[in-house]
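Welcome! Here are a few exercises to work through with the model open beside you. Try each task before you read its solution.

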Amino acid sequence: MESFSYRIVLLKDESQAAKAEKVRPQATLTFADGCVTIEGAYLSTSFALEKTIYQTYPMTALGAVRQLQGRLFQFSHRVDGETVETFFALAKTEEEARIIVGFLTGNLPDALLEVIEKYQEKRNQSQQFMQKVVESVPIPFVTWCIFGLCTLIFLGMVILSYGESLTSPTVEILLLLGADYGPLTLYGEEWRLLTSAFVHIGTFHFLFNMLILLQSGDLIERLYGHFTFAVIYIGSAVTGSLLSLTFQPVVVSAGASGAIFGIYGALVAYYLCHCRQLPVILFEGVFKGSLAFIAYNLFFGAIVPGINNWAHLGGLLGGFLFGLVGCIPSSYDEFPCRGHAPLRGLLLVSVVALVTWGGLCFLWEWTKLVE
């Protein structure tokens, strides 16, 4: 028999149910081979040490099982017909409480058991998929190299400014370390299109971007591979800077957020290319989470002054385009995308170079017209 696990809030008594409604589950019930295993911590009270449990009971030793109200259910451990201990718990949903009670009593309808088994099969497919991805690329070292470079530049900026850059670095030091600024970038210092993605304006800006980079870069580098991921990141940083210069040419701009939006765009591209073959339960959540992140941050950037939304949008569009190139041609079961790797790598670099050159040519002509 396969195992089925459910996250629960384990209560010391029924009276705790009301205050536990919004508490995150800290324990797990696992059903396997005719036994139930309870593992985790009870709901703690103020100033009390957290009580933990790890016990396995045969299903035949359980009794007094019932769903009390909503998500709340109870069951007892019995020995020789005598109740040894009674457990109270909250399931994540009322439906899950009904399923757990069905497991505990052995009265699950066949139709419901079939639904549970299909769900478990999908979850196993997702776990196998992620295991294969991680085995193909054990260490996302490009992500960590980007993080290390951004960290070194930020520490250098803090040292050069005698600590002032922790909160509000000056324009002079930002430009010294490579921030983007139209009058410089478009007149001989085009390298700022890229270097600005490694410079950050203050501690919060740095920490927030690095946190998102480590969370998202880990998966996306493993899906695309080291080289493709690096090119997508660099290309997205450049397209973010190009769009920013188009609409805000005299604003000093810096930060990795444009490139980070780019790797989210690449993730959306990957999903659209392989959505029919990928484990639904995994990538529906990732895809929806990515769209929510993009929508929230674009909206937040539109209403909060000082946030360069043009760089976000430029990085997003660039990352989506480069992501499409980066996973075609390839099959979904290659991790990272390896099919025709040299040809695809050359094509991707060419597209990034073409977009960069085209963007610069447009900006040079645009500045001439403005002048």
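**Exercise 1. Find which residue of β7 is the bridge partner of Arg78.**

Step 1. In β7, Arg78 has Thr83 as its bridge partner. Helices (H or I, at least four residues) and strands (E, at least two) are DSSP runs, numbered from the N terminus. This is a predicted model, in which local features need pLDDT of at least 70 and side-chain atom pairs count only at pLDDT 80 or more, while totals for chains, interfaces and linings use all residues. Residues are numbered from 1 along each chain as its sequence is written, and side-chain values use heavy atoms, with hydrogens and water left out.

Step 2. Now look at the strands as a pair: β6 (residues 72–79) and β7 are antiparallel and share eight bridges. Another of their partnerships is Leu72 with Leu90 in β7.

Step 3. Between β6 and β7 lie two residues, making a hairpin, and Asp80 in the turn has a positive phi of about 55°.

**Exercise 2. Work out the order of the strands in the open sheet.**

Step 1. Begin with β1 (residues 4–11), which is joined to β7 (residues 82–91) by four bridges and runs antiparallel to it. Here Leu11 stands opposite Phe88 in β7. Two strands pair if DSSP finds at least two bridges between them.

Step 2. Extend the view to seven strands, and the order reads β4-β3-β2-β1-β7-β6-β5, with antiparallel pairing. At the edges are β4 (52–58) and β5 (62–69), each pairing on one side only. From one strand to the next, the twist averages 30°.

Step 3. Add helix α1 (residues 94–105), which lies across β1, β2 (27–32), β3 (35–41), β5, β6 and β7, at about 165° to β5. Angles run from 0 to 180 degrees between N-to-C directions, and axes are lines fitted to C-alpha atoms, for helices over the stretch in contact.

**Exercise 3. Describe how α9 and α8 each pack with α11.**

Step 1. The axes of α9 and α11 are 6 Å apart, at an angle of about 35°. Among the residues in this contact (heavy atoms within 4.5 Å) are Gly258, Phe261 and Gly262 of α9, and Gly315, Leu316 and Gly319 of α11. By class, the contact has 10 nonpolar, eight polar and no charged residues. Ala, Val, Leu, Ile, Met, Phe, Trp, Tyr, Cys and Pro count as nonpolar, Asp, Glu, Lys and Arg as charged, and the others, Gly among them, as polar.

Step 2. For α8 and α11, the axes come within 7 Å and cross at roughly 145°. Residues that meet include Gly235, Thr239 and Gly240 in α8, and Gly314, Gly318 and Phe322 in α11. This contact of α8 with α11 has seven nonpolar, 12 polar and no charged residues.

**Exercise 4. Identify the residues nearest the centre of the largest pocket.**

Step 1. Of its 35 lining residues, His205, Ser257, Ile307, Asn308 and His312 lie nearest the centre. A pocket is an open set of points on a 1 Å grid over the protein atoms alone, where a 1.4 Å probe fits, with protein on both sides within 12 Å along at least five of seven lines; lining residues have an atom within 4 Å of a point.

Step 2. Two or more lining residues come from each of α7 (203–224), α8 (226–247), α9 (257–274), α10 (280–303) and α11 (309–326).

Step 3. Sorted by class, the lining has 18 nonpolar residues, 16 polar and one charged.
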